[in-house]
Amino acid sequence: MQPEPPDHFHAPRKDAKPEAGTRESSRERFSAREIAQVMSHFDIGVIREIREYRRGSRRAAKLKLVAARGEFLLKRRAAGRFLDSDRGRAAASHKLQHIASRGGVPVASLVALKSGGSLLDFGGRLYELYSWIPGTRYARHAEQARAAGIALARMHGAFAGVELLEDLPLGGFSEPEPVRAMLEQAREKALPRCDAAAQEMLVASVELLLSYLHLGESKLNAKGIALQRTAICHGDFHPGTTLWYGDTLGAVIDFDSARHESVAAEIANACLQFSVKHRQGDNPLDWPVGLDPENLRAFIAGYAAAPAIKLREIAPLVPWLMMSAIIAEAASPIARDGDFAGIPPAPFLRATANLVDWIAQRTRAVSSLIEQEAS
């Protein structure tokens, strides 16, 4: 097992601040006083080492702690608009982690407060502490994709016995109108940051994506998206919310986005995320385009081993839901920040349009592959 890449860990420094306007300048951080106050509510013994952990959302501050009683991850949840709704949603996500664990899904263990419970409400912010999982990233092995499919099926099976939770939001990228609005917001947010050539690329990409959203809405309606049941879903199941020991799934993490959504939509997004070709490097226009068929087959085979839904019935929906998921994933951070995690918006949206177009040309092939593996 390879060690965790060291560039994700950083000692907090008092004498240096990130340069204004950089990606790191917008990352949420803990203060030394805050750490001491928050950790006084937990009993993990003397803390020997503290490191900033720079993975996942920049809006949620995270620390790795080495203490007398083990290693832990401290997280301050990203702040929403209203603390009461944040609190309810956080408590619901903790409940779902316990339910998933009982259903056979490996999760990171929540550490109890001295006063009981696992969610700390302190100073108007919410905190949680997890036992550290020393896993590695998804390496795009077919066996890993299969294990991810099994885990999602077990999670859906475990959640199926739970009544809908009023603190969880309803809906997601399977609803085209919010995605369309988000994409248009992304265009308006990003345009002032682009030169003339980039503006031309961005506008053309957005127009193409909007046309696919319109086509996808028509196709999904015709294929029966309205008949798909809404249930509790993880809401953000992808390689970045999994940790691995080789090809063994060590933990599913980050239940922060749990919601009531179409199960078909969550399966489609997971199929996409665990089979998309590896996109790396600074220039999105150089990224490979398409899905890895072996990983897609493996994921579906894993889910089909203990399905919570009949995959053959949703196969015609999957490629169209994939396209909506891709667009929503790209548009959301650009609408908020004007870029995608520091990547300029124009080339990123061009790469997004390339991937959507690739799937759009192969909708029957994707659906047929799912039907075959689900048989």
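Glu52 is buried, at 9% relative accessibility, where buried stands for under 20% relative accessible area, exposed for over 50% and partly exposed for the values in between (1.4 Å probe, protein chains only). The structure is a predicted model, in which local features need pLDDT of at least 70 and side-chain atom pairs count only at pLDDT 80 or more, while totals for chains, interfaces and linings use all residues. Residues are numbered from 1 along each chain as its sequence is written, and side-chain values use heavy atoms, with hydrogens and water left out.

**Salt bridges**

A salt bridge is a side-chain nitrogen of Lys or Arg within 4 Å of a carboxyl oxygen of Asp or Glu. By this rule the model contains 21 salt bridges. Three of them are listed below.

| Pair | Closest N to O distance |
|---|---|
| Arg54 and Glu52 | 3.0 Å |
| Asp256 and Lys75 | 2.6 Å |
| Arg87 and Asp121 | 2.6 Å |

Arg54, the partner of Glu52, is partly exposed at 21% relative accessibility.

Asp256 pairs with Lys75. Asp256 lies in the loop between strand E9 (248-252) and strand E10 (259-262), and Lys75 in strand E4 (residues 70-76), so this salt bridge ties together parts that are 181 residues apart in sequence. Helices (H or I, at least four residues) and strands (E, at least two) are DSSP runs, numbered from the N terminus. Lys75 is buried, its relative accessible area being 5%.

Arg87 and Asp121 form another salt bridge. This pair also links distant parts of the chain, for Arg87 belongs to helix H2 (residues 83-102) and Asp121 to strand E5 (residues 120-122), 34 residues apart. Arg87 is partly exposed at 28% relative accessibility, and Asp121 is partly exposed at 35%. Elsewhere, shared partners join Lys75, Arg77, Glu128, Asp254 and Asp256 into one network of salt bridges.

**Helix H9 and its neighbour**

Helix H9 (residues 318-337) has 20 residues and spans 29 Å from its first C-alpha to its last, close to the expected 28 Å, a value obtained as 1.5 Å times one less than the number of residues. Of the 20 residues in H9, 16 are buried. After H9 comes Gly338, with a positive phi near 90°.

The axes of H9 and helix H10 (residues 345-360) come within 9 Å and cross at roughly 175°. H9 is therefore roughly antiparallel to H10, a term for angles over 145 degrees. Axes are lines fitted to C-alpha atoms, for helices over the stretch in contact, and angles run from 0 to 180 degrees between N-to-C directions.

Conventions. Parallel < 35°, antiparallel > 145°, perpendicular 65-115°, else oblique.
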